[in-house]
Amino acid sequence: DIKRHLGVIFKLLENQENAAVTEYLKKMEADYGIQEEYVGTGNKEIDSIFNYMLRDAKTELKKLDIHIRIPENFKMDLYDINTLLGNLLENAVYAAKISKDREISIDMYMEKMILYINIRNSYGNEIKYRKGRYITTRSGGHGIGLKNVEKIVEKYNGLMKIQHDDTY
């Protein structure tokens, strides 16, 4: 659906029909809208990503623990932060939903101009590797989400560490 919606939005923008774009986006928000706010940092971009990605989590999970401490004026390319957080949150919610414990803990903060993101989730599937990399356990999944996360982390000269034990 989203590809078709984006096609319409791009066409409206090409024709400089800004009012029509706004109306179209309002309709999309009504269909895909956020019912509850989980994160309220004051940073609209970060808040909207978290609130959209976690919109169904409260009913699906037993425990959702979120601590976000970033400045309101935090700036990172919106495409990059959306890809980064979107993939991490989607993976965490999927894994936690099918686990016995159904728990997610998220900690995101800035310290000395460094962004830290720690997501800890329970999981129920067997962990799979190929060539030293984690691979998807979803049927029909393509497994490129973590590769995209890794590219963005490298782009910003960051470090990415994935680890697990028997439950998390």
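Start with the whole protein chain, coloured by secondary structure: six helices and five strands should appear. This is a predicted model. Followed along the sequence, the elements come in the order α-α-α-α-β-α-β-β-β-β-α. The protein chain has 168 residues, and 28% of them count as buried. Now turn on contacts between residues at least 6 apart in sequence; 61% of these join residues at least 24 apart.

**Stop 1: helix α5**

Select residues 78-97, which form helix α5. Put a distance between the C-alpha atoms at its two ends: they are 27 Å apart. That agrees with expectation, because 20 residues at 1.5 Å a residue should span 28 Å.

Next, zoom in on the start of α5 and show the side chain of D77. One of the side-chain oxygens of D77 comes to within 3.1 Å of the backbone nitrogen of Y79.

Now show the side chains on the buried positions of α5: D80, I81, T83, L84, L85, G86, N87, L89, A92, V93, A95 and A96. What do the buried residues of α5 pack against? Select α3 (44-53), β2 (103-111), β3 (114-121) and α6 (145-155) to see their partners.

**Stop 2: where α5 meets α6**

Keep α5 and α6 on display and hide the rest. The two helices pack with their axes 9 Å apart, at an angle of about 140 degrees. Angles over 145 degrees count as roughly antiparallel, so at this angle α5 is oblique to α6. The crossing of α5 past α6 is left-handed.

For the residues involved, select D80, T83, L84, N87, L88 and N91 on the α5 side. On the α6 side, they meet G145, L146, N148, V149, I152, V153 and K155. Of the α5 residues in this set, D80, T83, L84 and N87 also appear among the buried residues of the helix.

**Stop 3: T41**

Move to the loop between α2 (18-32) and α3, and select T41. Is T41 buried or exposed? Its relative accessibility is 16%, and buried means under 20%, so T41 counts as buried.

Show polar contacts around this residue. The T41 side chain reaches the backbone nitrogen of N43 at 3.0 Å. The side chains of T41 and D47 are joined by a polar contact of 2.7 Å.

Finally, expand the selection to the residues in contact with T41, leaving out neighbours within four places in sequence. The selection should then hold D47, I68, I70 and E72.

Definitions and conventions: Residues are numbered from 1 along each chain as its sequence is written. This is a predicted model: local features need pLDDT of at least 70, side-chain atom pairs count only at pLDDT 80 or more; totals for chains, interfaces and linings use all residues. Side-chain values use heavy atoms; hydrogens and water are left out. Helices (H or I, at least four residues) and strands (E, at least two) are DSSP runs, numbered from the N terminus. The expected span of a helix is 1.5 Å times one less than its number of residues. Buried means under 20% relative accessible area, exposed over 50%, partly exposed in between (1.4 Å probe, protein chains only). Contact means heavy atoms within 4.5 Å. A polar contact is a pair of N or O atoms within 3.5 Å; within protein, one must be able to donate a hydrogen and the other to accept it, and residues adjacent in sequence count only if both atoms are side-chain atoms. Axes are lines fitted to C-alpha atoms, for helices over the stretch in contact, and angles run from 0 to 180 degrees between N-to-C directions. Angles under 35 degrees count as roughly parallel, over 145 as roughly antiparallel, 65 to 115 as roughly perpendicular and the rest as oblique. A crossing is left-handed if the near helix is turned anticlockwise from the far one by less than a right angle, and right-handed if clockwise.
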